[in-house]
Amino acid sequence: MKSAFTIMKRYFVCHPERREVSAAGRTQAKDPGPLNLTVPDRRFLPEDSEAAEPKPSFGVLRALPAAALLFLTLGCTVGPHYRKPEATVPTAPNYKESPVNFQDAEGWKVASPQDAMLHGNWWEIFNQPELNDLESQLNIDNQNIKIFFENFLAARAQIREARAQFYPTASVSASATRTHTAGTASGGSGQTGGGTFSAFSLPLDVSWAPDLFGRVRNQVREFQANAQVSAADLENERLLEQATLAETYFQIRGQDALQALLNDTVKADEELLELAKTRYEVGTDTEVSVQQALQTLESARAAATNVGILRSQYEHAIATLLGKTATDFSMPVQPLTVQPPVIPTGTPSQLLERRPDIAAAERQMASANALIGIGYAAYYPTLTLSASGGFSSSAIGKLLNASSRVWSIGPSISETIFDAGLRRATIEQYIAIYNSDVASYRQTVLTAFQQVEDYLAQTRILWTEIQQEQAAVSAAQKAYDLEKARYETGLDSYLNLLTTQTALLNTQQTLVQSQIQQMSGAVLLVEALGGGWDVSQLPTTRQVTQKPPADQRAIQK
């Protein structure tokens, strides 16, 4: 006789609307209210519920015992409701590091109105036709994106694998055997004659395990959520590859600007070397100045040569991103001249709907929640309905006669009555996995806000810093021009000129590096904002359940 505790425990488990898994992992019972075993939790059912939960054939049902219909009527979905846990979201209308909070400072601005967001091809805001062309190639030929796309298709196939359990399984087999038995001795009558016999059979077996307590339904929901996780991961990888390409593109253009700067420096140093030689030949300068000028020239040449290393590596990286061999790819030289565009940042409250990694983390929690339901279903019995029919005869010529027909039909039910705590430990494992996913979701949200604030600050502050560095370059250039004039007239030594020349080159290089860093920060800001993606682009459960086109399911050559 079952204890009252056991009855109440199973009652609450069988009613997902009566219980929920809290963020801390404890299962909380609620007021049960009126008993209702026929209403399943439809939170994760696709919009087309008939496609998601196929019903058994009524032709098969009429062949089953009437008792089976009672079990089907009383079926329910066990496990907790899924409710998206809360995450820490700022209530401020703007990001802390947004330029709108620094109205007294001149410089880079964000788009207005503040709730404007990027859509579609986000890289087009940089107004770089070459970058636009490269991004279009990446979306077709990038191999990492293809890997994630195939992972998405595999996750969708798992849904169809799980849904197959809604249907009966039918199998047919044919057998023919020839058997000879030996004669045996008998105490009363002596030998018993042996014989040779033939047996032919052609059976059809049908079995079906109705999903009475939602084990299969929860499994389908788990795989549907997993497929949505995979879809979000695909978009996150796509955004990462797009941002990496844009950032690498601006790195190359920055190296081209640095190359142009060093090439100009080499030309200027060559002129100074000739001037030092002329002054030495006429006796107005020493050989020391000539050697110092030569040293400066060779150092500038070495620095100009060294720039080619990074540029080549960035160029090779872009080739790999585009799915091309580095041997067959090159980019023309074009120094960096662009500045960060006006970027629509939206409001902090919109960020959770814009980042695919946050969407993936949220769907992962839904998957873990369904897994808990699968664990609870193990507490309940399994009903199997079996039917077998066919032909069996000792003569193959009579195999298909009416008199050779055989059949059997009947249900069976099984339940584990002792497992030494295995099922309870399994559920606790699933709850721990769910709690871990909750923490991962909240950490993903926190990291998202950190990244947006980081790159807002970087882009805004670097704008001001670059203005200051440009002023420093102008002052250094004027000091160099004045000192060069004094050296040419013999008022100062070459050492004074060398000092101002070194200061000018260092200031110019710092300016170029800051400009590269600023453009990289602008790209990373767009990536942190989610690019042009939003959660409305995440496929629904019905969409991930549908079979992909045939060309996507074919083996690639």
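The legends below describe close-up views of a predicted model.

**Figure 1. Overview of the predicted protein.** The protein has 557 residues, of which 43% count as buried. Its secondary structure comprises 12 helices and 9 strands. Of the contacts between residues at least 6 apart in sequence, 81% join residues at least 24 apart.

**Figure 2. Helix α7 and the residues that follow it.** Helix α7 covers residues 215-281. Its 67 residues should span 99 Å at 1.5 Å a residue, and the end C-alpha atoms lie 97 Å apart, so the two values agree. After α7 comes Gly-283, with a positive phi near 85°. Thr-284 belongs to the loop between α7 and α8, the latter being residues 287-321. Is Thr-284 buried, partly exposed or exposed? The relative accessibility of Thr-284 is 47%; because the partly exposed class runs from 20% to 50%, Thr-284 counts as partly exposed. Thr-284 also has a partner distant in sequence: Gly-490 is 206 residues away along the chain, yet the two C-alpha atoms are separated by 7.4 Å.

**Figure 3. Packing of α7 against α11.** Helix α11 is formed by residues 494-528. The axes of α7 and α11 come within 9 Å of each other and cross at roughly 170°. An angle over 145 degrees counts as roughly antiparallel, so α7 is roughly antiparallel to α11. The residues in this contact comprise 17 nonpolar, 9 polar and 3 charged.

**Figure 4. Packing of α8 against α11.** How are α8 and α11 oriented, roughly parallel or roughly antiparallel? Their axes cross at roughly 15° and come within 10 Å. Because angles under 35 degrees count as roughly parallel, α8 is roughly parallel to α11. The contact has 4 nonpolar residues, 4 polar residues and no charged ones. On the α8 side the residues are Ser-289, Gln-292, Ala-293 and Thr-296, and these meet Tyr-494, Leu-495, Leu-498 and Gln-501 of α11. An α-helix has 3.6 residues a turn, so residues three or four places apart point the same way. The crossing of α8 past α11 is left-handed.

**Figure 5. Packing of α10 against α11.** Helix α10 is made up of residues 422-488. The axes of α10 and α11 are 8 Å apart, and the helices pack at an angle of about 160°. The pair is therefore roughly antiparallel. By class, the contact of α10 with α11 holds 20 nonpolar, 16 polar and 4 charged residues. The handedness of the α10 and α11 crossing is left-handed.

**Figure 6. Helix α11 and its C-terminal end.** Helix α11 contains 35 residues. From first C-alpha to last, α11 reaches 50 Å, which is close to the 51 Å expected at 1.5 Å a residue. Gly-530, just after α11, adopts a positive phi of about 95°.

**Figure 7. Ile-140 in helix α5.** Ile-140 sits in α5, a helix made of residues 129-141. The relative accessible area of Ile-140 is 58%; exposed means over 50%, so this residue is exposed. Which residue, 183 positions from Ile-140 in sequence, has its C-alpha 8.8 Å away in space? That residue is Gly-323.

Key
Residues are numbered from 1 along each chain as its sequence is written. This is a predicted model: local features need pLDDT of at least 70, side-chain atom pairs count only at pLDDT 80 or more; totals for chains, interfaces and linings use all residues. Side-chain values use heavy atoms; hydrogens and water are left out. Helices (H or I, at least four residues) and strands (E, at least two) are DSSP runs, numbered from the N terminus. The expected span of a helix is 1.5 Å times one less than its number of residues. Buried means under 20% relative accessible area, exposed over 50%, partly exposed in between (1.4 Å probe, protein chains only). Axes are lines fitted to C-alpha atoms, for helices over the stretch in contact, and angles run from 0 to 180 degrees between N-to-C directions. Angles under 35 degrees count as roughly parallel, over 145 as roughly antiparallel, 65 to 115 as roughly perpendicular and the rest as oblique. Ala, Val, Leu, Ile, Met, Phe, Trp, Tyr, Cys and Pro count as nonpolar, Asp, Glu, Lys and Arg as charged, and the others, Gly among them, as polar. A crossing is left-handed if the near helix is turned anticlockwise from the far one by less than a right angle, and right-handed if clockwise. Contact means heavy atoms within 4.5 Å.
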